[in-house]
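Student: Could we go through this model together? I would like to start with the DNA and then turn to the protein interior.

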Protein chains: 2
Amino acid sequence: MADARAPGNRRRPRQSDIARSAGVSQATVSLVLRGAPTGMSLAPATRQRVIAAAEELGYVPDPVATRLAAATNAMLGLYTFSATFPTDVAHSYYPILVGVEEEAAAQGQDLILFTGSARAAARADDPAAVRRVRVADGCLFFGRHVPAEPVRRLVEDGFPFVYIGRRDEAGVPYVGADYVSASADVVARLAAAGHRKVRYLREHDQALASVDREDGVLRGARDAGLDTLVVRTDGSDLDALLREWLDAGVTAVVVEQTDTGAALAGLGAAIDRAGLRCPGDLSLALLGAPTGTRGSAPGGGAAFSGFDVPMRAMGRGAVRLLLRLIAGDLEGPSRRLLPCEPVEGGTIGPPRPPNRTTGRA
Amino acid sequence: MADARAPGNRRRPRQSDIARSAGVSQATVSLVLRGAPTGMSLAPATRQRVIAAAEELGYVPDPVATRLAAATNAMLGLYTFSATFPTDVAHSYYPILVGVEEEAAAQGQDLILFTGSARAAARADDPAAVRRVRVADGCLFFGRHVPAEPVRRLVEDGFPFVYIGRRDEAGVPYVGADYVSASADVVARLAAAGHRKVRYLREHDQALASVDREDGVLRGARDAGLDTLVVRTDGSDLDALLREWLDAGVTAVVVEQTDTGAALAGLGAAIDRAGLRCPGDLSLALLGAPTGTRGSAPGGGAAFSGFDVPMRAMGRGAVRLLLRLIAGDLEGPSRRLLPCEPVEGGTIGPPRPPNRTTGRA
DNA sequence: TCAAGGGTTTAATTCGTATTAATAAGCAAT
DNA sequence: ATTGCTTATTAATACGAATTAAACCCTTGA
């Protein structure tokens, strides 16, 4: 088991090889390459010889050994509880990865994707596997289904990590999005456009992101004095519900955007089947608009009105926060909520006059 | 720097703690927890005591130490030479990552993205930085601009690695796509549709992928006895060229798909400006069609005809090959070209009759 | 000449686990 | 009682680098 080396293969050079080659001790090699502590000096000639030998042999420090000796290795972990690179292009999380990668690269940090470990952990139902993240200097966590216990242990051990997305657990650092304010703001915009009767469509999911949006919607509705109702759906058979809403004088619908997009897809299908136009017949707002070109709404194909989740910024911010935690020089709070940019879009208009008839029977 | 431990929490338990608690040696603990080699037996009572103590203390093995002792670390590297890591889904290489991650996860391997190192290497123009990939058990390389020297060193050292994309250098294992056959096949399809006069538009790039496509086009044209000409472009000002072609009786154009997409974009713009329809006025074929929905062609918006680069399969295949190299049990060749799937699309039609006038003056 | 001092280098130890060679203990047979 | 043979356990060491205390120069100054 020990020998996984391909045949006919020189061993990776280590510090002792350099030492022998340069005629010094391993300790000296470490001091030269790692940098001597203040007050200790190396002879320039020695330094040169060591560096030359290291170059000659193609030495690269073993991050595992480095890590075991309690230093850092310029590697950040990324532990996701789903695929890191989503196969489905419709998957909405990848801008986070873009942000993480951008910032990590800018900071000279490499990235370890614990996809193999995560998969193994899930398959074997082995909560201890999360510990593997300790090979990195610190780790980003991301995803909905997170085993609480192993993460609690990481906190306890003082291992630096950051969640992407808000978390409730005490002492867990995170970088999230301020869904509450953003959602309230969307409702306020509907109110400003003249809407009085609004419905909020969400999924059955218990995720914090969903809870926050609902909180925001309710807060915005209360502040504006709107008639609002929260409805949960799995996205199927929304035709009757839509009809009912229209008959009751509802003029605007707010939908949450999730990773599955079930609620949105279901509503969109129902709107198309009913032959409704947006925002002519019905105003639509999306809490968390998908980025780029994929945001064409049903009933006319306009860009969704709503807000933009700053996913890329979250990724970047999480990396920055993590690096501060690793360095230990954290002054401010280790929990941050980033503001969501309002998206004007084209699906919010004035409310449809109650007398006008809808698309078709 | 040394202390990454949060203040005031106890050190996490290690094997020696269990040993003390159970009244055995550390070696025994390791043997119990890890499993003794065949031929060596543990007393059931001892085993019980050790397991109980480990449970009691909440022991979890330190993966860092485990790997330091075990020599292989179940980590595969991924090093790209492009300016930015293709985490953006819009990037044409993204499916490769999907494939790599899929297969790595399935094999229980974690993935190290050397984005930070690559960036640093590029910035400092330090070819030695590539050596950092040795922290992984093996590495995948990917990208057009590859510093030859450090890679040659890796070959020399016997470090297991695999290129994604064909390489000329001797002894470099790769998983690529058979652009030659696929391109020849596309030309054959044009010939079968009745086209006699065809132009091939490519970029100035010297990349092997471009060379292969041109070779394939030329081979296909020769086999079918077509009148063919290769034209290089940077994608700008193709209007005059397009006009010239039409006047000369050209009825089909083949374009290469690259990471920049410059040639294709330029031709598309020229076609749109000329008000041409595809395939009514001109047949189009794309060598390496973008996957999914992004492939709508100019002059009508049909899906491109051409072939599909099996990027996902390349990613998966590269991981599999790399693991075989690492394990050392390689029987077959370490160079593989995967076939490209032909894509029917809607931009190849019968040639336009020579008498009919084109879109506009 | 010896001691003191400063600049350089190294021996020794640490990190936590895996593994092997060696030891100890138990028991049967001689 | 001694040898021989299992079975159970441990001492010792490797893994590769970081770190500290100690040793080694080589000058100066007395």
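Tutor: The following exchange covers a predicted model, taking the DNA surface before the cores.

Student: Which residues come nearest to DNA strand D?

Tutor: Of the 26 residues around DNA strand D, the nearest are Arg14(A), Tyr59(A), Thr28(B), Ser41(B) and Thr46(B). Sugar and phosphate make up 71% of the atoms of DNA strand D that come within 4 Å of the protein.

Student: What lies 2.8 Å from a phosphate oxygen of DNA strand D?

Tutor: That is a backbone N or O atom of Gln15(A). As for the bases, a polar side-chain atom of Gln26(A) lies 3.3 Å from a base nitrogen of DNA strand D, and a polar backbone atom of Ala65(A) is 3.5 Å from a base nitrogen of that strand.

Student: Which element gives the largest share of the surface near DNA strand D?

Tutor: H2(A) does, with 4 residues. By class, this surface has 15 nonpolar, 8 polar and 3 charged residues.

Student: Now the interior. Which residues touch the most other members of the largest nonpolar core?

Tutor: Leu140(A) and Leu140(B) do, in a core of 86 residues. Helix H12 of chain B, residues 311–327, provides the largest share of this core, 9 residues.

Student: And what is Leu140(B) in contact with, leaving aside its neighbours within four places in sequence?

Tutor: Its contacts include Tyr79(B), Val100(B), Val162(B) and Ile164(B), as well as Ala318(B), Val319(B) and Leu322(B). Apart from the largest core lies another, of 43 residues, among them Ile112(A), Phe114(B), Ala121(B) and Val172(B).

How values were computed. Residues numbered from 1 in each chain as written. Chains lettered and ligands numbered in written order. Predicted model: local features only at pLDDT ≥ 70, side-chain atom pairs only at ≥ 80, totals over all residues. Heavy atoms only, no water. Core = buried A, V, L, I, M, F, W, Y, C linked by side-chain atoms within 4.5 Å. Buried < 20%, exposed > 50% of the residue type's maximum accessible area, 1.4 Å probe, protein only. Helix = DSSP H or I, 4+ residues; strand = E, 2+ residues; numbered from the N terminus. Contact = heavy atoms within 4.5 Å. Near = heavy atom within 4 Å. Polar contact = N/O pair within 3.5 Å; in protein donor to acceptor, adjacent residues only side chain to side chain. Nonpolar A, V, L, I, M, F, W, Y, C, P; charged D, E, K, R; others polar.
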